[in-house]
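Hi,

Here is the structure I promised to pass on. Have a look at it first, and then read on for my notes.

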Amino acid sequence: MIRSVLVANRGEIARRVFRTCRELGIATVAVHSDADADAPHVREADTAVRLPGDAPADTYLRGDLIVKAALAAGADAVHPGYGFLSESEEFAATVADAGLCWIGPPPAAIAAMASKTRAKELMAAAGVPLLAPVDPSSATADELPLLVKAAAGGGGRGMRVVRELGALEGELASARAEAAAAFGDGEVFVEPYVEGGRHVEVQVLADAHGAVWTLGTRDCSLQRRHQKVIEEAPAPGLPDALRDTLHRAAAQAARAIGYRGAGTVEFLVSADGRAYFLEMNTRLQVEHPVTEEIYRIDLVALQLSIAEGRPLPAELPEPHGHAVEARLYAEDPAAGWQPQTGTVHRLALPDGVRLDSGVTDGDTVTVHYDPMLAKVIAWAPTRQEAVRKLAGALERARIHGPVTNRDLLVRTLRHPEFAGATGLDTGFYDRHLAALTAPEPAGDAVYALAAALADAHGRSRFGGFRNVPSGPQVKTYARAGDGHPAYPVRYRLGRDGLDAEDFPGVRLRSLAPDAVVLEVDGLRRRFTVARYGDRVHVDAPSGARAFTALPRFPDPAARTEPGSLLAPMPGTVVRIADGLAEGDRVAAGQPLLWLEAMKMEHKITAPAAGTLTSLPARTGQQVEVGALLAVVTD
C-alpha cells in the first residue's frame, strides 16, 4: 500500500495528483524550484522539498535531487506527472533502484517509445499503420509538404513544416538545434505532412495481470505551434470501423511493449479516413480530464492502484455524453502566441464546469515555465451542449492579470466549423486565426466607457456621480493585447446624468467604483470593474475586456530608435543566425536571432529590408522585456 507520494512536477498536474491522494488518504510531497517557493502545489502539499535554482535543468530535470527529496521526506512512491522527467527511462529506473514505487510504466516500455524513430520501427513490426519516413537527402518536390520532427520529447519542440524544398536544409538545422536545447537530443526525422489531418488519440490503461483497456478516443486537432489548445472526447464523426481500428492498434501498441499504467497512443487521421501511428506518450496526458468526465473514472486513482499491483476491474466502464477541454494560456494569440507574464489577480469560473488550475489568485506567471494557467472542462449529454456550456463559462469567467487566449477560445468554440465538427483538423488556426483575433472596436468602446465612469466615481470626493465635476472628461484606454486600437472616451457627468460623445443612445442607470449599469440602445447591461495599477478589467455577462489606462502626456524617454527590435518578453537569447554581424544587409522577415521563454522559442526577424546597424544581443544573454536586441536601418 502506498502511504506517501512525491510528485516530481509542478503546477496544475501536481495539484491534480495531490487531489486524488488526499481523497485516498495518501500523504503528499512536493518539490519546488526557488521560483516556485510559494506556488499553489507547494502550499497544498503535506511536505515540500526545495530544489535550488530556477531553471528546469537545475531543478525539475534533476532526477538525482528528486529521488533524494523523496527519501528525505519519507515518500514511498513517485508520480512523474507530465513533462520534465515523466518519460525518462533513466529516472524511472533510478526511482526503482532507490526502493521507491514508480507510478508509471516499466523503464523498458518507456525506452521503447522514447525515440519516435525507434517507436515507429517497433509499431511497424506489431502491424500498426505508419507514415513512411522520408530520406531528407533524396527528398523531391513531389513529396512536399514535409514535416521535420524531433525524435525525442514533444510539445511541438523541434517540429517544422517544410513547403519548399530549398528550405529543408535550414529547417533541419533549426529543428536539431531546438531539439538539442530542449531535450538534450538533436536527432530529427522527416515524414510526409498530411494536410487537413486530424489528431486523434486513444487512452490506454494496462495492469500487471495482462488486462489492457482502451478508453475511447479524444480529438486534439486544434493546435497552435503543434501544441494542443482544445480537446474533446469522444472524437466526433469517426466511423465505427475507424474507431475500432484505432482501439485495436492502441491495444497492440501497449501489448507490444509490455505496457503498464496509463498511456496514450496518438494517431494522425487523414481526410480520406486512414489512420497512421504518430507516437505513444508513456504518461498521463494533459487532456486526460475529458476521458475521466465521460467514463466517470479517476485515472490518477487507477494509476495508483496499478502501481500497487492490483488488477483493473473486470468490467470496462461505459462512456456517457461528451466532454470538451480548453487550455487557458497566458499568451497573446494576435502577437504570434507570445507568452505573457505577471500577477494573476483573479481566476474564477462559474459553477458547472471543472477547473484544473496551476495558479490561484495572487500567483505570478514567470518566464521559467509553460504559460498554461488552467484547463476548463465541460461535460454534457451531447457535443453541442458541452461546447455551448464551455463557451459560456469562459465568457463569464473572471480572469484578471496577464493577457490570455480566453477570447480566442470562446470564438473558436462558437465558430461554425468547430461547432458543426466540420473543421476539426490541424490547420484550423492557419485558416482562421486572423478572423478569430480581429479587434471589436464597437463593442470594446462601451467597455472602455464603463471603465472611465467607474474610475470617475472612484476619484469622486464624495463617492457619488452627481458630485463629479461637470466639466468634460477625457480618458484614453488601450485594449490589452496586440493589434487593438486605443479608445479615447469623452464624457460629462452632471445632475442630468451622462453626456458621452460618440455614444448616442447610452444612458447611465447606476454607478459605483466597481460596477456600472448602462442602458445601450434600450438594453440594460451591467459591468463590473476591477483595477490593478494602470490595468482595468471590465466584466459583463457577454464577455470581458482588459484595458491599460494611458497617461495624458506620454513619456518622451520611452521612444526608441526606428528599426529597433526589442525583446517582447523576458527570456534567454539561445541562438543568433549563423554569420550574422553588424553591417550585414538583411531581408524583410529574415530570422536574426531566437529568444527562449516559457518553454518556447521565439524567432526575432527583420521588420524590413535594410542594414543591421547594431547587434547588442549575445548568445546565452538573459534579457528583460523591452531590452534592445538589434537595430535594422531601412
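Let's start with a small sheet-and-helix corner: an open sheet of three strands runs in the order β7-β6-β8, with antiparallel pairing. Strands here are DSSP runs of E with at least two residues, helices are runs of H or I with at least four, and both are numbered from the N terminus; two strands pair if DSSP finds at least two bridges between them. β7 (160–162) and β8 (188–192) are the edge strands, each with a single partner, so one side of each has no neighbour in the sheet. On average, neighbouring strands of this sheet are turned by 25° against each other, direction ignored.

Before going further, bear in mind that this is a predicted model, where local features need pLDDT of at least 70 and side-chain atom pairs count only at pLDDT 80 or more, while totals for chains, interfaces and linings use all residues. Residues are numbered from 1 along each chain as its sequence is written, and side-chain values use heavy atoms, leaving out hydrogens and water.

Back to the sheet: β6 (residues 146–150) and β7 pair in the antiparallel sense over three bridges, and Leu146 stands opposite Val162 in β7. Helix α6 (residues 116–125) lies across β6 and β8, at about 50° to β8. (Axes are lines fitted to C-alpha atoms, for helices over the stretch in contact, with angles from 0 to 180 degrees between N-to-C directions; contact means heavy atoms within 4.5 Å.)

Now the charged pairs. A salt bridge puts a side-chain nitrogen of Lys or Arg within 4 Å of a carboxyl oxygen of Asp or Glu, and by this rule the count comes to 44. One of them joins Glu191 and Lys120 (3.1 Å, N to O). That pair links distant parts of the chain, with Glu191 in strand β8 and Lys120 in helix α6, 71 residues apart.

Are these two residues buried or exposed? Both Glu191 and Lys120 are buried, where buried means under 20% relative accessible area, exposed over 50% and partly exposed in between (1.4 Å probe, protein chains only).

Asp425 and Arg431 also meet in a salt bridge (3.0 Å, N to O). Asp425 counts as buried at 10% relative accessibility, whereas Arg431 is partly exposed at 42%.

Then there is Arg490 with Asp502 (3.7 Å, N to O). Arg490 lies in strand β24 (residues 486–494) and Asp502 in the loop between β25 (497–500) and β26 (506–512), so the pair ties together parts 12 residues apart in sequence. Asp502 is exposed, at 61%.

Cheers
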